[in-house]
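Thanks, everyone. I will keep this short. Please have the viewer open.

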Amino acid sequence: MNKPAKKIITFSALLFTGMHIINEYTDLSNTPIIPEKDEKTFLWKNMNITYIEKGNVQKPALLLIHNLDPSSSKEEWLYIDKQLSKDFHIFELDLPGCGKSAKPNIIYINYMYVELLNDFINKVIRKKTSICATAYSSSFTFMLARIYPDIINKIIVINPISFQKLYTPATKKGKLAEKIFALPVIGTFLYNCNMSKSVITDNYKSKYFYNEKNISQQSIDLSYYNAHYNHSDGKYLLGSILGNYTNINIMHALPKIKHEIYLIGNENYQNIFQEYKNSNSLIHSIYVSHCRLLPQLEIPETIAHNICNIMTN
């Protein structure tokens with residue numbers, strides 16, 4: 001073997017060893033930052049789905065669904081669930097690939113989440129349910145209402161995604177990204193880089209919050225913890241998202257939904273809201289200010305007030 005080949009092999013071995021050490025350190029250093037809540041587990045298709053139930057069982061059911069992102073979890077509702085549970089029977093779950101729910105090595109598709117929500121409502125909630133979903137989770141919420149209309153009451157969506165983004169199909173580049181993130185060492189390392197605390201902090205500053213002063217360290221720590229829970233296996237969901245496997249065209253389903261739909265967001269969402277309203281006359285829009293993607297964390301009182309008004313209207 002010539003010297004250049006030996007150098008390449010040596011460098012590759014050192015590089016892989018370094019990646020492995022960083023991955024192990026990230027895994028070992030990821031510890032809970034708040035006490036465990038009264039969490040329950042729903043076994044679904046050999047996956048443990050973690051959820052929380054609050055409020056009076058005699059009250060109307062409300063299912064809160066966080067944004068579809070490996071750093072998101074049911075803690076997205078941390079600042080409003082106590083208030084909402086006074087008037088409603090609240091359920092919050094960690095979607096597969098997120099939080100403390102199972103994060104299997106699979107390709108995550110939109111229809112999987114539709115079927116999960118259908119089974120969760122039928123087997124756990126067991127009564128007609130209103131849903132409040134955030135951003136990308138709106139897509140499978142709408143599809144759920146279209147396919148299984150009898151189990152849904154009202155639909156509330158915080159910052160829905162444009163039709164164009166949801167319609168983007170899987171590409172060769174996206175499929176390659178999914179395969180790379182599924183790799184044992186390299187995929188985990190790239191995921192850990194994408195879900196580092198600095199990247200998550202930047203996301204809060206540039207995408208999630210309007211005012212940096214409103215960002216709590218607890219929110220960032222929770223996002224980081226949930227992103228790396230279960231050995232950073234959220235990488236499989238991230239790969240599927242980057243590969244556009246979680247996307248779906250809702251343009252044909254939305255006009256056929258007969259439920260009342262309420263969209264909540266800031267004025268930057270006017271064009272998207274109008275796009276939705278043009279498709280379905282049952283859609284209402286509510287504008288809130290001084291917030292971005294996650295207003296339930298930034299202006300929780302305002303969001304809780306709007307949800308209560310919608311539910312009791």
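I will talk about helix packing and aromatic pairs in this structure.

One caveat before we start. This is a predicted model.

Let's begin with helix α4. That is residues 137-147. How many of its residues are buried? The count is 9 of 11, and the helix is mostly covered. The buried set runs through Ser137, Ser138, Ser139, Phe140, Thr141, Phe142, Met143, Leu144 and Ala145.

Now, what covers part of it? Look at α3. The axes of α3 and α4 are 9 Å apart, and the packing angle is about 60°. Angles from 35 to 65 degrees fall in the oblique class, and α3 and α4 are therefore oblique to each other. The crossing of α3 past α4 is right-handed. On the α3 side, the contact uses Asn110, Tyr111, Tyr113, Val114, Leu117, Asn118 and Ile121. On the α4 side, Ser139, Phe140, Met143, Leu144 and Ile147 take part. By class, this contact of α3 with α4 has 9 nonpolar residues, 3 polar and no charged.

Next, the rings. The model has 11 aromatic pairs. One of them sits right at the contact we just saw. Tyr113 and Phe140 are stacked, with centres 5.0 Å apart and 20° between the planes. Tyr113 belongs to helix α3, residues 110-125, and Phe140 to helix α4. In sequence they are 27 residues apart, and the pair links distant parts of the chain. Are these two residues buried or exposed? Both Tyr113 and Phe140 are buried.

Helix α4 has another ring to show, Phe142, paired with Tyr276. Their ring centres lie 5.8 Å apart, and the planes make 40°, so this pair is tilted. Where is the partner? Tyr276 is in helix α11, residues 270-279, while Phe142 is in helix α4, so the pair ties together parts 134 residues apart in sequence. Phe142 has 0% relative accessibility, so it counts as buried. Tyr276 also comes out at 0% relative accessibility, so that residue counts as buried too.

One more item on rings. Phe42, Tyr51, Phe91 and Phe120 form one aromatic cluster.

Now move along the chain to helix α9, residues 217-232. I will take its packing with two helices in turn.

Start with α7, residues 186-194. The axes of α7 and α9 come within 11 Å and cross at roughly 165°. What does that angle make them? The cut-off is 145 degrees, and α7 and α9 are therefore roughly antiparallel. The crossing of α7 past α9 is left-handed. Thr188, Tyr191 and Asn192 of α7 touch Ala227, His228 and Ser232 of α9. That contact of α7 with α9 holds 2 nonpolar and 4 polar residues, and no charged ones.

Then α8, residues 197-208. Its axis is 10 Å from that of α9, at an angle of about 130°. That makes α8 oblique to α9. The α8 and α9 crossing is right-handed. From α8 we have Lys197, Ile200, Thr201 and Tyr204. They meet Gln217, Ser219, Ile220, Asp221, Ser223 and Tyr224 of α9. How does the contact of α8 with α9 divide by class? There are 4 nonpolar, 4 polar and 2 charged residues.

To recap the α4 part: α4 is mostly covered, Phe140 stacks with Tyr113, and Phe142 forms a tilted pair with Tyr276. That is all from me.

How values were computed:
Residues are numbered from 1 along each chain as its sequence is written. This is a predicted model: local features need pLDDT of at least 70, side-chain atom pairs count only at pLDDT 80 or more; totals for chains, interfaces and linings use all residues. Side-chain values use heavy atoms; hydrogens and water are left out. Buried means under 20% relative accessible area, exposed over 50%, partly exposed in between (1.4 Å probe, protein chains only). Helices (H or I, at least four residues) and strands (E, at least two) are DSSP runs, numbered from the N terminus. Axes are lines fitted to C-alpha atoms, for helices over the stretch in contact, and angles run from 0 to 180 degrees between N-to-C directions. Angles under 35 degrees count as roughly parallel, over 145 as roughly antiparallel, 65 to 115 as roughly perpendicular and the rest as oblique. A crossing is left-handed if the near helix is turned anticlockwise from the far one by less than a right angle, and right-handed if clockwise. Contact means heavy atoms within 4.5 Å. Ala, Val, Leu, Ile, Met, Phe, Trp, Tyr, Cys and Pro count as nonpolar, Asp, Glu, Lys and Arg as charged, and the others, Gly among them, as polar. Rings of Phe, Tyr and Trp (its six-membered ring) pair if their centres lie within 6.5 Å; planes under 30 degrees apart count as stacked, over 60 as edge-to-face and the rest as tilted.
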